[in-house]
Amino acid sequence: MVDFLIGLFLASLIVALFTTRLYRLLLWYSMNSLTLGLLALIIGNNLDDNAMIITGIITIIVKAIGIPYILKNLSQKFHFIRQITPEIKVQYSIMLIPAILVFTFYLSEPITHMIHTNANYVAVSISSLFLSLLLMMEHKNVAPKIVGFLSMENSLFLLGITATNGMPMLVELGIFFDLLMAIVVINLLFHKEELKV
């Protein structure tokens, strides 16, 4: 089940790279966060780690439901254009994404010898990090850049729960506090974008 959810996590991020509508992008981010929360619940249950189970529940509530809802409301409030066209052409993205995946699997091989975990989990986490960066780079609009930043945070969280078999609860609460601060910054960026339009 963990392998299936990690594959779904990566697939939702890849589909988000090809999305040209803002609400669909938010839907794919929500799916990405939902799979991350379910992964935290399953790994926490396997390790009998109550802190990770609580973190998984908070992830589902905050990232899979709360943040997409807030971003959708902000985009309606500031009348954002829903059509988001990537700057990188589709044919280049189709070549770039497999290259990133192969590169990260090659890159993560020496790391996995030091830590005793599944090499694929670390490779998927690192490739998700690069794909999130690509999502930020391929759009001019501020909304996809924000979703790319949030997806990057999801990738780091995935790396933490799969490579280290869980992070301390205090670290997770710090991350959620950072996300709340990010929502305030997002509101300011949306307001600035509206003034330019």
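In which helix does L101 lie? I looked this up before anything else and found L101 in helix α4, which covers residues 90–114. I note here that the model is a predicted one.

**Entry: L101**

I checked whether L101 is buried or exposed. Its relative accessible area is 18%, and the cut-off for buried is under 20%, so L101 counts as buried. I then listed its contacts, leaving aside neighbours within four places in sequence. L101 is in contact with L10, I14, S127 and L131. I took one of these, L131, and looked up the separation in sequence and in space. L101 and L131 are 30 residues apart in sequence, and their C-alpha atoms are 8.8 Å apart.

**Entry: the whole chain**

I went on to the chain as a whole. The chain has seven helices and zero strands, so I wrote the order from the N terminus as α-α-α-α-α-α-α. Of its 197 residues, 45% count as buried. I also looked up how far apart in sequence the contacting residues are. Taking contacts between residues at least 6 apart in sequence, I found that 75% join residues at least 24 apart. The accessible surface of the chain is about 10,300 Å². Carbon and sulfur atoms account for 71% of that surface.

**Entry: helices α2 and α3**

How do the axes of α2 and α3 cross? Helix α2 covers residues 22–47 and helix α3 covers residues 50–77. Their axes come within 7 Å and cross at roughly 170°. Angles over 145 degrees count as roughly antiparallel, so α2 is roughly antiparallel to α3. I sorted the residues of this contact by kind and got 18 nonpolar, nine polar and two charged.

**Entry: T35**

I stayed with helix α2, where T35 has its place. T35 has a relative accessible area of 2%, so I entered T35 as buried. Which residues does T35 contact, leaving aside neighbours within four places in sequence? I wrote down L5, L8 and F9.

**Entry: helix α6**

I ended with a check on the length of helix α6, residues 142–163. At 1.5 Å a residue, its 22 residues should span 32 Å. I found the end C-alpha atoms 31 Å apart, which agrees with the expected span. I also asked how many residues of α6 are buried. The count is 18 of 22, so I noted α6 as mostly covered.

Key:
Residues numbered from 1 in each chain as written. Predicted model: local features only at pLDDT ≥ 70, side-chain atom pairs only at ≥ 80, totals over all residues. Heavy atoms only, no water. Helix = DSSP H or I, 4+ residues; strand = E, 2+ residues; numbered from the N terminus. Buried < 20%, exposed > 50% of the residue type's maximum accessible area, 1.4 Å probe, protein only. Contact = heavy atoms within 4.5 Å. Areas by Shrake-Rupley, 256 points an atom, 1.4 Å probe, with all protein chains shown as cover. Expected span 1.5 Å × (residues − 1). Axes fitted to C-alpha atoms, helices over the stretch in contact; angles between N-to-C directions. Parallel < 35°, antiparallel > 145°, perpendicular 65-115°, else oblique. Nonpolar A, V, L, I, M, F, W, Y, C, P; charged D, E, K, R; others polar.
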